[in-house]
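I sat down with this one to look up where its empty space lies and what packs around it. My notes follow, in the order I took them.

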Amino acid sequence: MTTIVALKCADGVVLASDRRATKGGMIGSKGVKKIYPIDARKAVAIAGQLSDANYLINLVKAEAKLIEFDRGFPLTVKEVAKMLSNMLYSGMRSYAPYITEMLVAGVDETGSQVFEADISGAVTEEDYTSSGSGSPMAYGVLEATYRAGLSTNEGAEIAARAVKSAMERDPGSGNGVQVLKITKNGSELKDIRGVPQ
Amino acid sequence: MMSPRDGEYGRGYVMYTPDGRLLQVEYASEAVKYGSPVVAIRGNDFAVMVARTKETDPLLDSVEKIHMIDENIGAAGAGFTGDIHLLIDQARVETQRHRLVFEDPMDVKSVVNHLGKFMYEFTRYGGVRPLGAALIMVGSDLVGKHLYTLDPRGLILSGKAMAIGRNSEDATEVLRAEYKPDLTIKGAIELAMKALSKAEESNSPVEVGIAYGTTFKKMSLEEANKFADDPR
């Protein structure tokens with residue numbers, strides 16, 4: 001279930017998600033958090049098993065902080081994505097996979113970066129990407145409206161529209177939208193509760 | 001050097017003397033002073049190191065002094081050759097391990113930190129000998145150009161211009177007097193060579209290591225001067 005999207009913009013990145021958690025056919029929670037900051041300029045959006053995703057994110061946050069203390073500068077977005085994918089891959093290879101898909105986005109010395117890591121540990125670099133049961137609908141909006149060189153403000157509009165569209169047609173997605181904008185100067189979270197118009 | 005009282009603390013285990021010294025570690029530092037010197041300078045967008053290959057029998061090939069660690073990092077040591085090679089090997093393995101995990105080259109500080117911990121452990125245990133080697137490491141990464149030295153205590157120093165090995169105090173004196181923050185690659189090689197010559201009179205071929213852009217390159221003095229005219 002879930003709809004999450006991540007976009008690469010000229011001055012940063014944007015991540016957006018719905019707020020619904022499902023338990024079988026039932027809505028388990030109407031206000032679940034699906035976007036998690038790793039540090040001031042990086043965040044991960046998650047789809048799939050919430051417990052697995054939370055476990056991996058806690059691990060990566062701790063590991064990232066230790067490496068930053070040690071070497072004096074934060075991990076790159078690619079390094080965060082690779083670290084997650086290494087754990088996902090070892091899970092798959094030991095017949096105990098982490099049932100989750102993650103969008104890793106942020107700003108580092110190399111600029112704005114978006115990566116996607118799936119259950120098998122495969123990582124791909126993307127300009128825009130979506131995951132979860134609502135992703136086919138979200139992709140419809142992204143394919144029609146995304147272009148290179150968007151500002152984060154324009155990107156935030158498109159990301160929110162993609163998630164809202166998915167919420168209209170996907171029963172696994174709903175109950176509000178969260179949008180996180182990240183630029184090199186910091187991040188800003190926008191929270192739209194309830195069913196947005 | 002050694003007072004009669006030092007005797008029982010000076011051999012075997014790494015152990016404090018009553019006045020708080022670790023003689024085994026001090027002896028290791030002495031060994032470094034016999035090694036042939038290495039001089040390195042960090043500029044705004046580059047870092048260079050110079051060293052002479054070891055003077056050996058004319059029948060033998062020269063022994064390399066500057067070692068590649070990874071595409072972006074190089075190192076040169078002073079002290080026991082075997083100990084230097086152990087450190088070089090550690091650094092090479094660690095940088096490749098980093099590539100396996102992250103698919104990107106390792107940053108210089110993390111490599112130095114790893115070696116520093118590795119060397120430090122030899123000062124803490126009985127039954128081992130502290131490594132008789134110091135290292136100069138030069139490299140390039142995402143956050144800039146770097147110059148570090150490492151000694152047998154595991155002490156890590158970062159700086160603009162540094163020297164290790166025989167007569168390194170003399171070389172440092174030259175560096176202290178003539179270092180300028182706006183040195184070009186050519187100027188840095190010239191100054192480093194002047195400092196090196198102050199420490200050691202020799203006609204052995206010179207090796208130069210240059211960290212520039214995203215890579216570290218090893219070359220002869222002639223090649224280095226050509227590179228300095230047109231860095232790429």
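**Entry 1, the second largest pocket.** I began with the elements behind its lining: α2 (77-93) of chain A, and α3 (81-102) and β5 (133-141) of chain B, each supply at least two residues. I keep in mind throughout that this is a predicted model. Which element gives the most to this lining? It is α2(A), with three residues. I then listed the residues nearest the centre of the pocket and found A:Thr76 from chain A, with B:Asp104, B:Pro105, B:Asp141 and B:Leu142 from chain B. The lining runs to 22 residues, and the space inside comes to about 360 Å³. Sorted by class, the lining has nine charged, eight polar and five nonpolar residues.

**Entry 2, the largest pocket.** Next I turned to the largest pocket, which holds about 450 Å³ of space. I counted 20 lining residues, and nearest the centre I noted B:Val32, B:Ala134, B:Asp151, B:Arg153 and B:Ile164. The elements giving two or more residues to this lining are α2 (23-32), β6 (144-150), β8 (161-164) and α5 (168-178), which belong to chain B. I wrote down α2(B) as the source of the largest share, four residues. The class split here is 10 nonpolar, five polar and five charged.

**Entry 3, a closed space.** How many cavities of 30 Å³ or more does the structure hold? I found one, with about 60 Å³ of space in it. Its lining is made up of B:Lys54, B:Val63, B:Glu64, B:Lys65, B:His67, B:Gly77, B:Thr81, B:Ile84 and B:His85. Of these, three come from α3(B), the largest share. I sorted the lining into four polar, three charged and two nonpolar residues.

**Entry 4, the nonpolar cores.** After the gaps, I looked at the packing. In soluble globular proteins, nonpolar side chains tend to be buried together. The largest nonpolar core has 26 residues, and B:Val39, B:Ile189 and B:Ile210 have the most contacts inside it. In chain B, β1 (38-42), β2 (46-52), α5, α6 (185-199), β9 (206-212) and α7 (221-229) each supply at least two of its residues. The biggest contribution is from α6(B), with nine residues. Apart from this core I found another, of 23 residues, and jotted down A:Ile46, A:Ala64, A:Ile67 and A:Ala117 among them.

I also went through what B:Val39 touches beyond four places in sequence. The list has B:Val48, B:Met49 and B:Val50, then B:Met162, B:Ala163, B:Ala171 and B:Leu175, and finally B:Ala192, B:Ala195 and B:Leu196.

**Entry 5, A:Ser112.** Last, I picked out a serine in strand β8 (residues 111-117) of chain A, A:Ser112. Is A:Ser112 buried or exposed? Its relative accessible area is 11%, under the 20% cut-off, so A:Ser112 counts as buried. I then checked for backbone partners of its side chain. A polar atom of the A:Ser112 side chain lies 3.1 Å from the backbone oxygen of A:Cys9, and one lies 3.2 Å from the backbone oxygen of A:Gly12. Setting aside neighbours within four places in sequence, I listed the contacts of A:Ser112 as A:Lys8, A:Cys9, A:Ala10, A:Asp11, A:Gly12, A:Val13 and A:Gly106. Both A:Cys9 and A:Gly12 are therefore on the contact list of this buried serine.

Key. Residues numbered from 1 in each chain as written. Chains lettered and ligands numbered in written order. Predicted model: local features only at pLDDT ≥ 70, side-chain atom pairs only at ≥ 80, totals over all residues. Heavy atoms only, no water. 1 Å grid on protein atoms, 1.4 Å probe; cavity = no way out; pocket = protein on both sides within 12 Å on 5 of 7 lines; lining within 4 Å. Points joined across faces, edges and corners; volume = space filled by probe spheres on them. Nonpolar A, V, L, I, M, F, W, Y, C, P; charged D, E, K, R; others polar. Core = buried A, V, L, I, M, F, W, Y, C linked by side-chain atoms within 4.5 Å. Buried < 20%, exposed > 50% of the residue type's maximum accessible area, 1.4 Å probe, protein only. Contact = heavy atoms within 4.5 Å. Polar contact = N/O pair within 3.5 Å; in protein donor to acceptor, adjacent residues only side chain to side chain.
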